[in-house]
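Hi everyone, thanks for coming. I'd like to walk you through a structure today, going from the whole assembly down to a single residue. Here it is on the screen.

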2 protein chains.
Amino acid sequence: MRPYILISNDDGVSARGINFLIDVLRPYADILVVAPDGPRSGGSCAITSTVPLRYTLLRKEEGLEVYSCSGTPVDCVKVAMNEIVKKVPNLVVGGINHGDNSAVNAHYSGTMGVCYEGAMQGIPSIAYSLDNHSSEADFTPLADAIVTITQKVLAEGMPEFSCLNVNFPQGREFKGIKVCRMTKSRWTKETKACVHPTTGKLYVWLVGNRENLEPEQTDTDIWAMEHGYVAVVPVTLDCTDYELLKTLSF
Amino acid sequence: MRPYILISNDDGVSARGINFLIDVLRPYADILVVAPDGPRSGGSCAITSTVPLRYTLLRKEEGLEVYSCSGTPVDCVKVAMNEIVKKVPNLVVGGINHGDNSAVNAHYSGTMGVCYEGAMQGIPSIAYSLDNHSSEADFTPLADAIVTITQKVLAEGMPEFSCLNVNFPQGREFKGIKVCRMTKSRWTKETKACVHPTTGKLYVWLVGNRENLEPEQTDTDIWAMEHGYVAVVPVTLDCTDYELLKTLSF
């Protein structure tokens, strides 16, 4: 029986990253794509409650169906699971994101939103991202590692409420696949204020630099990527701080 | 020196919950409010990258400034921290949310987005939510516990990258404040499909029921709320699955 994979992303259904991912995984599985009808970068786990959602079949071929959806990345997974799938997918995949989702970026990422939501639905889930925001980024060097990681998760599954955040550095070759932890990091200088040319009113763009708060630590995802590895962080949906839980009282 | 507290939410600056919170905390601290100009429920940690953000001073009194912002809850914190604050706040507070943000709801919650973002900025942070979606919900029973929890965090701080998710059950009295872990849970039957009256086209609303996957466990936030306690879950920004990290390899 061929595996059945649900794919979504946050760059939108026409982004090169998701279409490369479809091409890479199609030989190994039947594919259902339900992805946003435009960019939803930074969509996190946001859901849409104030307006209704719409979805449209764009493409139907042997072993492939592609839908666009008006909602967020998480909405796409919920709509797919509740309205479109004909059986429970074996895997949910987010990406390939145009941009790095390592370290704290994972919290803001709509690609990770897809992955979180897949895990929330009880399905093994993976997010793939490339540290290159260019719409012309070359995804071809990622193919082998994506097949390796995807096949392993399809074969072995994932613990309940866990998922994988996979980030690729730039480059044509990687030193290997390194399992690591999320780097303690922080964004700084996050706004750029501008003045509107005619109204004279202030507006603000989100910008910023990510600061690595533990640059010497070799077991982190930022370290792995800076040293040419594909960084795989196992992520849990249980965000309880068990250390603090031991001592906190009121 | 009076503490300085940054408050935001996801129900919007005019919601009753946030205005009750301002009234409760104002005797104890100088308050800066930067909150969305309308509802952003389900906003999670989403950030806005495709359009610029705007913010407007609505109210300025002794010890209180209130701004509305065109962005998401997390955008509000970023704009506040980078454009508005005159010193680093001692505390970031999200809420009071009109609706329950316990268990997996925390992942979708914009109120928790505020709290996560405060912790991301290195500031002790708390999210307060009431299990009542009504715009007429009575927040007065929450005041004492909010003062207790807020004062404790102001006095003792929080470990870096940790924050608190505080959820109140409905009712006039609580049995106490219970520190607990996030309940393993899942949303099911999450969509309601409708037909547009004139176009005949399908559209979908997000709905659903939350299923408690461990109803017998007494150390969870859902159990605490169902038994009349204020549920306090210590939350970490480090979403690494350390159990899986021990065994995962490629």
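I'll start with how the chains meet, then go through the sheets, then the helices, and finish on one proline.

Before anything else, please keep in mind that this is a predicted model.

Okay, the two chains. In general, two copies of a chain are related by a rotation about an axis and a shift along it. Here, chain B lands on chain A after a rotation of 180° with 0.0 Å of shift along the axis, and the RMSD of that superposition is 0.0 Å. So what we have is the relation of a two-fold axis.

How many residues does each chain bring to the contact? Chain A gives 60 residues, and chain B gives 60 residues too. If you sort the chain B side that touches chain A by class, you get 33 nonpolar, 16 polar and 11 charged residues. And 100% of the interface residues of chain B are also interface residues in chain A, so the copies meet through the same surface.

Now the sheet, and let's take chain A. You're looking at an open sheet of 9 strands with mixed pairing, and the order is 3-4-2-1-5-6-7-13-8. Which strands are at the edges? They are strand 3 (55–61) and strand 8 (177–179) of chain A, and each of them pairs on one side only. From one strand to the next, the twist averages 20°.

Let's zoom in on one pair in there. Strand 7 (residues 162–168) of chain A and strand 13 (residues 230–236) of chain A are antiparallel, with 6 bridges between them. To find a spot on that ladder, look for Ser162(A): its bridge partner in strand 13 of chain A is Thr236(A). Something sits on this sheet as well. Helix 2 (residues 73–84) of chain A packs on it and touches several strands, among them strand 1 (4–8) and strand 2 (30–36) of chain A. The direction of helix 2 makes about 135° with that of strand 2 of chain A.

There's also a hairpin to look at in chain A. Strand 10 (residues 191–195) and strand 11 (residues 202–206) of chain A run antiparallel and are joined by 5 bridges. One of the partnerships is Thr191(A) with Leu206(A) in strand 11. The hairpin has 6 residues between its strands, and Gly200(A) takes a positive phi near 75° there.

Over to chain B. Its open sheet has 9 strands in the order 3-4-2-1-5-6-7-13-8, with mixed pairing. Strand 3 (55–61) and strand 8 (177–179) of chain B stand at the edges with a single partner strand each, so one side of each has no neighbour in the sheet.

Do strand 6 and strand 7 of chain B run parallel or antiparallel? Parallel: strand 6 (residues 125–130) and strand 7 (residues 162–168) of chain B pair that way over 5 bridges. Within that pair, Tyr128(B) has Val166(B) as its bridge partner in strand 7 of chain B. Helix 5 (residues 143–156) of chain B packs on this sheet, touching strands including strand 6 and strand 7, and its direction makes about 170° with that of strand 6 of chain B. Then there's helix 1 (residues 16–25) of chain B, which runs at about 135° to strand 5 (91–98) of chain B.

Next, two helices that meet. The axes of helix 2 (residues 73–84) and helix 4 of chain B come within 7 Å and cross at roughly 30°. That crossing is right-handed. On the helix 2 side, Pro73(B), Val74(B), Val77(B) and Lys78(B) make the contact, and the helix 4 side includes Gly110(B), Val114(B) and Glu117(B). By class, the contact residues split into 4 nonpolar, 4 polar and 2 charged.

How many residues of helix 4 of chain B are buried? For helix 4 (residues 110–120) of chain B, 11 of its 11 residues are buried. After helix 4 of chain B comes Gly122(B), with a positive phi near 85°.

Last stop: Pro124(B). You'll find Pro124(B) in the loop between helix 4 and strand 6 of chain B. Why does Pro124(B) count as buried? Because Pro124(B) has 23 C-beta neighbours inside 10 Å, and the cut-off for buried is 20 or more. Leaving aside neighbours within four places in sequence, Pro124(B) is in contact with Leu91(B), Val153(B), Gly157(B) and Met158(B).

That's my tour, thanks for listening!

Key. Residues are numbered from 1 along each chain as its sequence is written. Chains are lettered from A and ligands numbered from 1 in the order in which they are written. This is a predicted model: local features need pLDDT of at least 70, side-chain atom pairs count only at pLDDT 80 or more; totals for chains, interfaces and linings use all residues. Two residues are in contact if their C-beta atoms, placed from the backbone, lie within 7 Å. Ala, Val, Leu, Ile, Met, Phe, Trp, Tyr, Cys and Pro count as nonpolar, Asp, Glu, Lys and Arg as charged, and the others, Gly among them, as polar. Copies are superposed by least squares on the C-alpha atoms of residues with pLDDT of at least 70 in both. Two strands pair if DSSP finds at least two bridges between them. Helices (H or I, at least four residues) and strands (E, at least two) are DSSP runs, numbered from the N terminus. Axes are lines fitted to C-alpha atoms, for helices over the stretch in contact, and angles run from 0 to 180 degrees between N-to-C directions. A residue is buried if 20 or more other C-beta atoms lie within 10 Å of its own, exposed if 12 or fewer, and partly exposed in between; C-beta atoms are placed from the backbone. A crossing is left-handed if the near helix is turned anticlockwise from the far one by less than a right angle, and right-handed if clockwise.
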